[in-house]
There are 2 protein chains.
Amino acid sequence: MMKALVNKKTSEHRSETEISVNHQKLIDATIETIAKRGLADTTIAHVAKRAKVSQGYANFRFKSKDNLLISSLQYLSDEYKKSWQKIFEEKNIDPIDRIIRIVQNDFSSKIANRNKISVWIAFYSEVKFRPSYLTICQRQDEIYSQQMEKLVSEINNISNQKEFSPKEVSETYHSMVDGLWQRILFDPKIYTNEFCKNLVLKYFKSIYLNEDRFA
Amino acid sequence: MMKALVNKKTSEHRSETEISVNHQKLIDATIETIAKRGLADTTIAHVAKRAKVSQGYANFRFKSKDNLLISSLQYLSDEYKKSWQKIFEEKNIDPIDRIIRIVQNDFSSKIANRNKISVWIAFYSEVKFRPSYLTICQRQDEIYSQQMEKLVSEINNISNQKEFSPKEVSETYHSMVDGLWQRILFDPKIYTNEFCKNLVLKYFKSIYLNEDRFA
DNA sequence: TTTTGTATTGAATAATCATTCAATTTTTAT
DNA sequence: ATAAAAATTGAATGATTATTCAATACAAAA
């Protein structure tokens, strides 16, 4: 039985690109399988079949099932981090527009879609993976929160808003996002990304009453 | 080998109370086991051992493992519903005090503790149990939301607040609660029940600026 | 006490699944 | 073209675990 590499190159050394083909196929297949079947029913056999490689290979390639699973969480975490980091760094953009972009990003279809939310939730909810989840995500969460507080602080100054501290606003925002991501998973008819984004913007509106861009 | 019933009665027919002893012991053991080991590593053997009955009995008593698991979710759901229903029915209490009681209830140690939050999250996050979760919880969620909107509507009238609709406030509150329950699980040092309650009250403060009780 | 029915046990069964690895195919180097 | 190295397969293994059920313990009735 044969299995040809996609995008194979014929005249050089096997490159990282090539190695990454199966690697990424397996990561993608893992995310899809977790979303479709749940973590409990995600077997190496299912993932391998979806990725169109053999079961033995999937295990060999990632050393173990757990390592494959955690690698797919790491992938999502990296992807997410890149997306918000870019926005926080846009120093030439007005802070209010920047925070609106953060919200848009958190509810963009690339980030807040059912497959990916399934994976986040699967990992943080399973006791076995919670240590890995915290290792991978906690530090980034801290940085995100820190940047968020800085941004809120700037907006507070501009808007002369003193009642609500940057920490409070950031914590409230973050917990809303987590809650709404859940809801996108359960009831996507009602909780569309647009609906969630607008609800969060409305929260900011309640803090910054005279700022029209949040309305 | 023998196993005596606790609270056994000697001079009547076996009563519901007696039957319930093992029933409830198994439910409690299930909740503790899910919280401690996670849904994936919750075996009948673990639960039975913790409940101090035999493995065979646990299975026999609840027909199947899945039925035992779902019964423990049902138990939590009923308990939660009773607690908030009571508060919504306290019509003689001022609406603002009533909503404060709802918040207090949602972050009381009886409701929002790590064991019980673990179980909620375990069920809604596992694809296999999501249908059961929705069957058990969706209808109650709707009632809760409906009552919440009614309450917010009253408060809006009292406070002459028009900017934020009852639905928006209710949705925002609900998503914050879900998000904060998660955080209680991850980082209980920072996210104490008190901290979460105050954060939510501060949100209400942002809506009802001239209402001191939310501060 | 003896009988009868019910509760409970625990060991056996059968199914599932991660992991291993010898065999095969594919790629690279000569 | 051929050999050597690397990638990939898939079947076998061993561990885990839900479920079953015959055997036992217990309670109630006679």
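This is a short working chat about a predicted model and how its helices and chains are arranged.

User: What should I know about the model before we start, and how are residues numbered?

Analyst: It is predicted: local features need pLDDT of at least 70, side-chain atom pairs count only at pLDDT 80 or more, and totals for chains, interfaces and linings use all residues. Residues are numbered from 1 along each chain as its sequence is written, chains are lettered from A and ligands numbered from 1 in the order in which they are written, and side-chain values use heavy atoms, with hydrogens and water left out.

User: How many helices and strands in chain A?

Analyst: Chain A has 9 helices and 0 strands. Both are DSSP runs numbered from the N terminus: helices are H or I with at least four residues, strands are E with at least two. From the N terminus, the order is α-α-α-α-α-α-α-α-α.

User: And what does its C-alpha trace span?

Analyst: About 70 × 40 × 30 Å along the principal axes of chain A.

User: How do the two chains relate?

Analyst: A turn of 180 degrees and a shift of 0.0 Å along the axis lay chain B on chain A, with an RMSD of 0.0 Å. That is the relation of a two-fold axis. The same surface serves both copies, as 100% of the contact residues of chain B recur in chain A. The superposition is by least squares on C-alpha atoms of residues with pLDDT of at least 70 in both copies. Contact means heavy atoms within 4.5 Å.

User: At what angle do α8 of chain A and α9 of chain B pack?

Analyst: Helix α8 (residues 166-186) of chain A and helix α9 (residues 193-207) of chain B pack at about 95 degrees, axes 10 Å apart. So α8(A) is roughly perpendicular to α9(B). Axes are lines fitted to C-alpha atoms, for helices over the stretch in contact, and angles run from 0 to 180 degrees between N-to-C directions. Under 35 degrees counts as roughly parallel, over 145 as roughly antiparallel, 65 to 115 as roughly perpendicular, the rest as oblique.

User: Which residues meet there?

Analyst: Glu168(A), Glu171(A) and Thr172(A) meet Phe195(B), Leu199(B) and Lys202(B). By class, this contact of α8(A) with α9(B) has 2 nonpolar, 1 polar and 3 charged residues. Ala, Val, Leu, Ile, Met, Phe, Trp, Tyr, Cys and Pro count as nonpolar, Asp, Glu, Lys and Arg as charged, and the others, Gly among them, as polar.

User: Within chain B, how do α8 and α9 cross?

Analyst: Their axes come within 10 Å and cross at roughly 160 degrees. α8(B) and α9(B) are therefore roughly antiparallel. The contact includes Tyr173(B) and Met176(B) of α8(B), and Val200(B) and Phe204(B) of α9(B). Its residues divide into 11 nonpolar, 2 polar and 1 charged.

User: What about α4 and α5 of chain B?

Analyst: Helix α4 (residues 65-88) and helix α5 (residues 95-106) of chain B pack at about 165 degrees, with axes 9 Å apart. That makes α4(B) roughly antiparallel to α5(B). Among the residues that meet are Trp84(B) and Phe88(B) in α4(B), and Arg98(B) and Ile102(B) in α5(B). The contact has 5 nonpolar, 2 polar and 3 charged residues.

User: Switching topic: how many aromatic pairs?

Analyst: The whole structure has 35 over all chains. Trp84(A) and Phe88(A) form an edge-to-face pair, 5.9 Å centre to centre, with 75 degrees between the planes. Rings of Phe, Tyr and Trp (its six-membered ring) pair if their centres lie within 6.5 Å; planes under 30 degrees apart count as stacked, over 60 as edge-to-face, the rest as tilted.

User: Where do those two sit in the helix?

Analyst: Trp84(A) and Phe88(A) are 4 residues apart in helix α4 (residues 65-88) of chain A, so about one helical turn separates them.
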